[in-house]
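Visitor: I would like a close look at a single part of this chain, taken slowly and with its surroundings. Could you choose one helix and tell me which of its residues are hidden, what covers them, and what else is found around that helix?

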Amino acid sequence: MNETLVTVAGNVASETRMRVTAAGVRVASFRLASTERRYNKELHAWRDGDTVYYTVTCWRSMAENAVESVEKGQPLLVHGRLRVSSYEKDGVMRTAVEIEARSLGHDISWGRSTFVKAGVSTGADRQLIGEIASEFDEPFDPETGEVLGPRPAEPADEDAPPVGQDAA
């Protein structure tokens, strides 16, 4: 089957919402506004044209990452499958335009962005994990933030009585 793939630059126009399907699959969605910009030679200035609104849908791990990463007002680039459908509401025919995202990211021509690989904790996360692990006297790897398990038992003191018995 042929599919139409598009890449759209725009600004996030709504909060990102997460839902779970009946089958347990995570789905996130948000609205993206893309406004055409044209240079007006007579005015020697850029002018806004029409704005097109897309519903962007992300599935599974991308849905979780989108909820954590995407905020209203941020500039994004979205690449994915385009779906256009029509429906009637209050006697008026309407058109819905949706992009099922294959990839998305911040448009860094407008600002800076920091990438954190999913499943990898940040320095602050690692510090907190280290503090918790030390409270329970468990070793952890400060590079990954991974708790390594309980500390190995100390070698027994040959002069000490066995556990549960008092010295005679």
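Guide: Let us take helix H1, which spans residues 60-69 and in which Met-62, Ala-63 and Ala-66 are buried. These three residues lie on the same side of H1, because they cover an arc of only 105° around the helix axis. The spacing behind such a pattern is a general one: an α-helix has 3.6 residues a turn, so residues three or four places apart point the same way. Please keep in mind throughout that this is a predicted model.

As for the cover, the buried residues of H1 lie under a set of elements that includes strand S2 (17-20), strand S3 (26-40), strand S4 (45-59) and strand S6 (92-106). For orientation, the chain has two helices and six strands, and from the N terminus on its elements follow the order β-β-β-β-α-β-β-α. Of the 168 residues in the chain, 22% count as buried, and among the contacts with a separation of 6 or more, 50% are between residues 24 or more positions apart.

One residue outside the helix deserves a place in this picture, namely Thr-16, which is found in the loop between strand S1 (5-12) and S2. Thr-16 has a relative accessible area of 17% and is therefore buried, the cut-off for that term being under 20%. When residues up to four places away in sequence are not counted, Thr-16 touches Ala-66, Val-67 and Val-70, and also Ala-28, Ser-29 and Phe-30. Ala-66, one of these partners, is also one of the buried residues of H1. With Val-70 there is in addition a polar approach, in which a polar atom of the Thr-16 side chain lies 3.5 Å from the backbone oxygen of Val-70.

At the beginning of the helix, Arg-60 calls for some care, since this residue, which has its place in H1, shows a positive phi of about 55° although it is not a glycine. Its relative accessibility is 48%, so Arg-60 counts as partly exposed. A positive phi of about 55° is also found at Asp-90, again not a glycine, but Asp-90 belongs to the loop between strand S5 (75-89) and S6, and with 70% relative accessibility it counts as exposed.

H1 also takes part in the largest pocket, whose volume is about 420 Å³. The elements that give two or more residues to the lining of this pocket are H1 and S6, and H1 gives the most, with five residues. The lining has 15 residues in total, and those nearest the centre of the pocket are Asn-65, Ser-69, Leu-104, Phe-115 and Val-116.

Finally, a detail from S4, one of the strands named above as cover for the buried residues of H1: Gly-49 is found in this strand and counts as partly exposed, at 32% relative accessibility. Gly-49 is in contact with Thr-35 and Glu-36, leaving aside its neighbours within four places in sequence, and its C-alpha atom is separated by 5.7 Å from that of Arg-37, twelve residues apart along the chain.

Conventions. Residues are numbered from 1 along each chain as its sequence is written. This is a predicted model: local features need pLDDT of at least 70, side-chain atom pairs count only at pLDDT 80 or more; totals for chains, interfaces and linings use all residues. Side-chain values use heavy atoms; hydrogens and water are left out. Buried means under 20% relative accessible area, exposed over 50%, partly exposed in between (1.4 Å probe, protein chains only). Helices (H or I, at least four residues) and strands (E, at least two) are DSSP runs, numbered from the N terminus. The arc is that of the directions from the helix axis to the C-beta atoms. Contact means heavy atoms within 4.5 Å. A polar contact is a pair of N or O atoms within 3.5 Å; within protein, one must be able to donate a hydrogen and the other to accept it, and residues adjacent in sequence count only if both atoms are side-chain atoms. On a 1 Å grid over the protein atoms alone, a cavity is a set of points where a 1.4 Å probe fits but cannot get out, and a pocket is an open set with protein on both sides within 12 Å along at least five of seven lines; lining residues have an atom within 4 Å of a point. Grid points are joined across faces, edges and corners, and a volume is the space filled by probe spheres set on the points.
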